Amino acid sequence: LVQWITSPDNPLTARVMANRVWRHLFGRGIVPSVDNFGMLGELPSHPELLDHLATQLVRDEWSLKKLIRSIVLSRTYQ
């Protein structure tokens, strides 16, 4: 189950994690309905950004510390 959840073929887990980190830092998620990514959830305001952050999270071996660092050092955060 863990291998399936963290598989690069299953981008949903990484997107949810990246969105939750974004919400924690900015007060609002890229997908405003952070608890519902399903059919009833809202669409992401910036889907390319969400995919970029999710890809980065997987590439960095699921390091939340690296993801947070890259976000807080960005021009958007500053």
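Me: Where is Arg20 placed?

Reply: Arg20 sits in helix α2; here a helix is a DSSP run of H or I of at least four residues, and a strand is a run of E of at least two, both numbered from the N terminus. This is a predicted model, in which local features need pLDDT of at least 70, side-chain atom pairs count only at pLDDT 80 or more, and totals for chains, interfaces and linings use all residues. Residues are numbered from 1 along each chain as its sequence is written, and side-chain values use heavy atoms, with hydrogens and water left out.

Me: Why does Arg20 count as partly exposed?

Reply: Buried means under 20% relative accessible area, exposed means over 50%, and partly exposed lies in between (1.4 Å probe, protein chains only). Arg20 has 38% relative accessibility, so partly exposed is the term.

Me: Which residues does Arg20 contact, apart from its neighbours within four places in sequence?

Reply: Val34 and Asp35, where contact means heavy atoms within 4.5 Å. The C-alpha atoms of Arg20 and Ser45 are 14 Å apart, with the two positions 25 residues apart in sequence numbering.

Me: Why is Trp22 called buried?

Reply: Its relative accessibility is 13%, so Trp22 counts as buried. Trp22 also belongs to helix α2.

Me: What is in contact with Trp22 once neighbours within four places are left aside?

Reply: Gly27, Arg28, Gly29, Ile30, Leu49, Leu53, Ile71 and Thr76. For Ile71, the C-alpha to C-alpha separation from Trp22 is 8.1 Å, while the two are 49 residues apart in sequence. Ile30 has its own contacts beyond four places, among them Asn19, Trp22, Leu43 and Pro44.

Me: What makes up the largest nonpolar core?

Reply: A nonpolar core is a set of buried Ala, Val, Leu, Ile, Met, Phe, Trp, Tyr and Cys residues joined through side-chain atoms within 4.5 Å. The largest one has 12 residues: Ala14, Ala18, Val21, Trp22, Ile30, Val31, Leu50, Leu53, Ala54, Leu57, Leu67 and Ile71. At least two of its residues come from each of α2 (11-26), α3 and α4 (64-72).

Me: Why does Leu57, a member of that core, count as buried?

Reply: Leu57 has 0% relative accessibility, so the term is buried. Leu57 lies in α3, which covers residues 47-59. Beyond four places in sequence, Leu57 contacts Ala14, Met17, Ala18, Trp62, Ser63, Leu64 and Leu67. By contrast with these contacts, the C-alpha atoms of Leu57 and Glu42 are 22 Å apart, at a sequence separation of 15 residues.

Me: Why is Ser33 called buried?

Reply: The relative accessible area of Ser33 is 16%, so Ser33 is buried. Ser33 is a loop residue, between α2 and α3. Past four places in sequence, Ser33 touches Gly41 and Glu42. The C-alpha separation of Ser33 and Pro44 is 9.0 Å, and they are 11 residues apart along the chain.

Me: What is notable in the phi angles of Glu61 and Trp62?

Reply: Phi of Glu61 is near 55°, positive although the residue is not glycine. Trp62, also not a glycine, has a positive phi of about 65°. Glu61 is in the loop between α3 and α4, and so is Trp62.

Me: Which term, buried, exposed or partly exposed, applies to Glu61 and which to Trp62?

Reply: Glu61 has 69% relative accessibility, so Glu61 counts as exposed. Trp62 has 27%, so Trp62 counts as partly exposed.

Me: How many helices and strands does the protein have?

Reply: Four helices and zero strands, in the order α-α-α-α from the N terminus.

Me: Why is the protein called as compact as a globular protein of its length?

Reply: The radius of gyration is taken over C-alpha atoms, and the globule rule is 2.2 Å times the number of residues to the power 0.38. For 78 residues the rule gives 12 Å and the radius of gyration is 12 Å, so the protein is as compact as a globular protein of that length. The C-alpha trace spans about 35 × 30 × 20 Å along its principal axes.

Me: What share of the residues is buried?

Reply: Buried residues are 26% of the 78. Of the contacts between residues at least 6 apart in sequence, 42% join residues at least 24 apart.
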